Amino acid sequence: MKEIKVFATFREICDGKTIQVPYEEGRFIGEILDDVISQFPEMEEELFTPERRVKQHVHVFINGRNIIHLDGLESEVKPEDQLALFPPVAGG
């Protein structure tokens with residue numbers, strides 16, 4: 001299993017600060033996000049556009065690096081990697 005930290009409104013949807021998803025070495029972050037959606041269907045609309053792209057202000061991190069600076073949804077997740085999901089956050 002792989003732990004994913006979730007923040008802000010994602011915590012409400014996922015009922016906690018972390019979620020567990022199945023993991024096998026060599027999986028891509030896109031596949032792992034599909035597992036998140038399998039557990040929490042409401043997350044699909046939160047994470048993805050209708051074209052199946054990560055929404056602009058949603059941040060998916062692997063070891064503190066946004067996947068937009070890696071290989072996007074094709075970024076490989078290694079056993080030691082730490083994952084985090086951040087929803088859009090407004091400040092003021």
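Me: In this predicted model, does valine 36 count as buried or exposed?
Reply: The relative accessibility of valine 36 is 0%, and a residue is classed as buried when that value is under 20%. The residue has its place in helix H2. Because its relative accessibility is 0%, valine 36 counts as buried.

Me: Leaving aside neighbours within four places in sequence, which residues is valine 36 in contact with?
Reply: Glutamine 20 is 16 residues from valine 36 in sequence, yet the two C-alpha atoms are 8.3 Å apart in space. Once neighbours within four places are left aside, the contacts of valine 36 are Ile4, Ile19, Val21 and Met43.

Me: Which helix or strand supplies the largest share of the largest nonpolar core?
Reply: The largest nonpolar core has 24 residues, and those with the most contacts inside it include Ile4, Ile29 and Met43. Strands S1, S2, S3 and S5 and helices H1, H2 and H3 each supply at least two residues of this core. The largest share, five residues, comes from H2.

Me: At about what angle does H2 run to S2?
Reply: The open sheet has five strands in the order S2-S1-S5-S3-S4, with mixed pairing. Helix H2 lies across S1, S2, S3 and S5, and its angle to S2 is about 110 degrees.

Me: Which strands stand at the edges of the sheet?
Reply: S3 and S4 pair in the antiparallel sense over two bridges, and in this part of the sheet isoleucine 62 stands opposite arginine 65 of S4. An edge strand here has a single partner, so one of its sides is left without a neighbour in the sheet, and this applies to S2 and S4.

Me: Which residues are linked in a network of salt bridges?
Reply: Arginine 52 and aspartate 34 meet through their side chains in a salt bridge at 1.9 Å, N to O; because arginine 52 lies in the loop between H3 and S3 and aspartate 34 in helix H2, the pair ties together parts that are 18 residues apart in sequence. The side chain of arginine 52 also meets that of glutamate 44 in a salt bridge, at 3.6 Å. The residues linked in this network are therefore Asp34, Glu44 and Arg52.

Me: Are aspartate 35 and arginine 27 buried or exposed?
Reply: The search of the whole structure finds three salt bridges, and one of them joins the side chains of aspartate 35 and arginine 27 at 2.7 Å, N to O. Whereas arginine 52, at 32% relative accessibility, counts as partly exposed, aspartate 35 and arginine 27 are both buried.

Note on methods: Residues are numbered from 1 along each chain as its sequence is written. This is a predicted model: local features need pLDDT of at least 70, side-chain atom pairs count only at pLDDT 80 or more; totals for chains, interfaces and linings use all residues. Side-chain values use heavy atoms; hydrogens and water are left out. A nonpolar core is a set of buried Ala, Val, Leu, Ile, Met, Phe, Trp, Tyr and Cys residues joined through side-chain atoms within 4.5 Å. Buried means under 20% relative accessible area, exposed over 50%, partly exposed in between (1.4 Å probe, protein chains only). Helices (H or I, at least four residues) and strands (E, at least two) are DSSP runs, numbered from the N terminus. Contact means heavy atoms within 4.5 Å. Two strands pair if DSSP finds at least two bridges between them. Axes are lines fitted to C-alpha atoms, for helices over the stretch in contact, and angles run from 0 to 180 degrees between N-to-C directions. A salt bridge is a side-chain nitrogen of Lys or Arg within 4 Å of a carboxyl oxygen of Asp or Glu.
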